[in-house]
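The following exercises ask the reader to examine a protein chain step by step. Each task is followed by a worked solution.

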Amino acid sequence: MSAVAILYAGLAAALFGLGLISVVLHRSPLRRLLGINVMGLGVFTALLYPGPVEGSGPDPVPHALVITGLVVAVAGTALGLSLIRRAGIGQDGI
């Protein structure tokens, strides 16, 4: 593995781990929602660097999946925020 692949793998694992800690340890729904978003960023980071194939350019399929995933994540975050606000929980701050 190259140094860049190790850097991407470490960054993806760190982002996923931080998000998982936030989801498990915090009771606030807003912090849990943000933790889920950070976990998603870790997955997207892992997908962005699968490593080039010998003699060819980067594979466009993982990049298309990440772009689609970002759109879905934004929509899911908006839905989650509206549900948190409508339920009236988390009004005491973060």
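The exercises below concern a predicted model, and they proceed from the whole chain to single residues.

**Exercise 1. The overall fold**

Task: State how many helices and strands the protein chain has, and decide whether the chain is a compact globule or more spread out.

Solution.
Step 1. The protein chain contains three helices and zero strands. Read along the sequence, its pattern is α-α-α.
Step 2. The radius of gyration is 16 Å, whereas the globule rule gives 12 Å for 94 residues. The value found is well over the value from the rule, so the chain is more spread out than a compact globule.
Step 3. The extents of the C-alpha trace may be set beside this result: along the principal axes it spans about 55 × 25 × 15 Å.

**Exercise 2. The spans of the helices**

Task: For each helix, set the distance between its end C-alpha atoms beside the span expected at 1.5 Å a residue.

Solution.
Step 1. The expected span is 1.5 Å times one less than the number of residues.
Step 2. Helix α1 has 23 residues, and 33 Å is expected. Its first and last C-alpha atoms are 32 Å apart, which is close to that value.
Step 3. Helix α2, residues 29–48, has 20 residues and should span 28 Å. The distance between its end C-alpha atoms is 29 Å, in agreement with the expectation.
Step 4. Helix α3 has 28 residues, with an expected span of 40 Å. The distance from its first C-alpha to its last is 41 Å, again close to expectation.
Step 5. After α3 comes Gly88, whose phi is positive, near 75°.

**Exercise 3. Buried residues and their cover**

Task: List the buried residues of each helix and name helices that cover them or pack against them.

Solution.
Step 1. A residue counts as buried when its relative accessible area is under 20%. Of the 94 residues in the protein chain, 18% are buried.
Step 2. In α1, the buried residues are Ala5, Ala12, Gly19 and Ser22. Their cover includes α2.
Step 3. In α2, Leu33, Gly35, Met39, Gly42, Phe44 and Thr45 are buried. Both α1 (3–25) and α3 (60–87) are included in what covers these residues.
Step 4. In α3, the buried residues are Pro62, Val66, Gly69, Thr77, Gly80 and Ile84. These residues pack against α2.
Step 5. The sequence separation of contacts can now be considered. Among contacts between residues at least 6 apart in sequence, 60% join residues at least 24 apart.
Step 6. The accessible surface of the chain comes to about 6800 Å². Carbon and sulfur atoms account for 72% of that surface.

**Exercise 4. The largest pocket**

Task: Give the volume of the largest pocket and determine which helix gives the most to its lining.

Solution.
Step 1. The volume of the largest pocket is about 160 Å³.
Step 2. The lining consists of Leu33, Ile36, Asn37, Gly40, Leu41, Phe44, Leu70, Ala73, Val74 and Thr77.
Step 3. Helices α2 and α3 each supply at least two residues of this lining. The greatest contribution, six residues, comes from α2.
Step 4. The lists of the previous exercise can be consulted here. Leu33 and Phe44, which belong to the lining, are among the buried residues of α2. Thr77, also in the lining, is one of the buried residues of α3.

**Exercise 5. Single residues**

Task: Describe the exposure of Gly10, Leu11 and Leu48, and give a C-alpha distance for each.

Solution.
Step 1. Partly exposed residues have relative accessible areas between the limits of 20% and 50%.
Step 2. Gly10 is found in helix α1. Its relative accessible area is 39%, so Gly10 is partly exposed. Gly10 and Gly42 are 32 residues apart along the chain, and their C-alpha atoms are separated by 9.6 Å.
Step 3. Leu11 also lies in helix α1. With a relative accessible area of 44%, Leu11 is partly exposed. The C-alpha atoms of Leu11 and Val23, twelve residues apart along the chain, are separated by 18 Å.
Step 4. Leu48 belongs to helix α2. Leu48 is partly exposed because its relative accessible area is 33%. Between Leu48 and Gly19, 29 residues apart in sequence, the C-alpha distance is 18 Å.
Step 5. Leaving aside neighbours within four places in sequence, Leu48 is in contact with His63 and Val66. Of these partners, Val66 is one of the buried residues of α3.

Note on methods. Residues are numbered from 1 along each chain as its sequence is written. This is a predicted model: local features need pLDDT of at least 70, side-chain atom pairs count only at pLDDT 80 or more; totals for chains, interfaces and linings use all residues. Side-chain values use heavy atoms; hydrogens and water are left out. Helices (H or I, at least four residues) and strands (E, at least two) are DSSP runs, numbered from the N terminus. Buried means under 20% relative accessible area, exposed over 50%, partly exposed in between (1.4 Å probe, protein chains only). Contact means heavy atoms within 4.5 Å. The radius of gyration is taken over C-alpha atoms; the globule rule is 2.2 Å times the number of residues to the power 0.38. Accessible areas come from the Shrake-Rupley method with a 1.4 Å probe; for residues, only the protein chains shown count as cover. On a 1 Å grid over the protein atoms alone, a cavity is a set of points where a 1.4 Å probe fits but cannot get out, and a pocket is an open set with protein on both sides within 12 Å along at least five of seven lines; lining residues have an atom within 4 Å of a point. Grid points are joined across faces, edges and corners, and a volume is the space filled by probe spheres set on the points.
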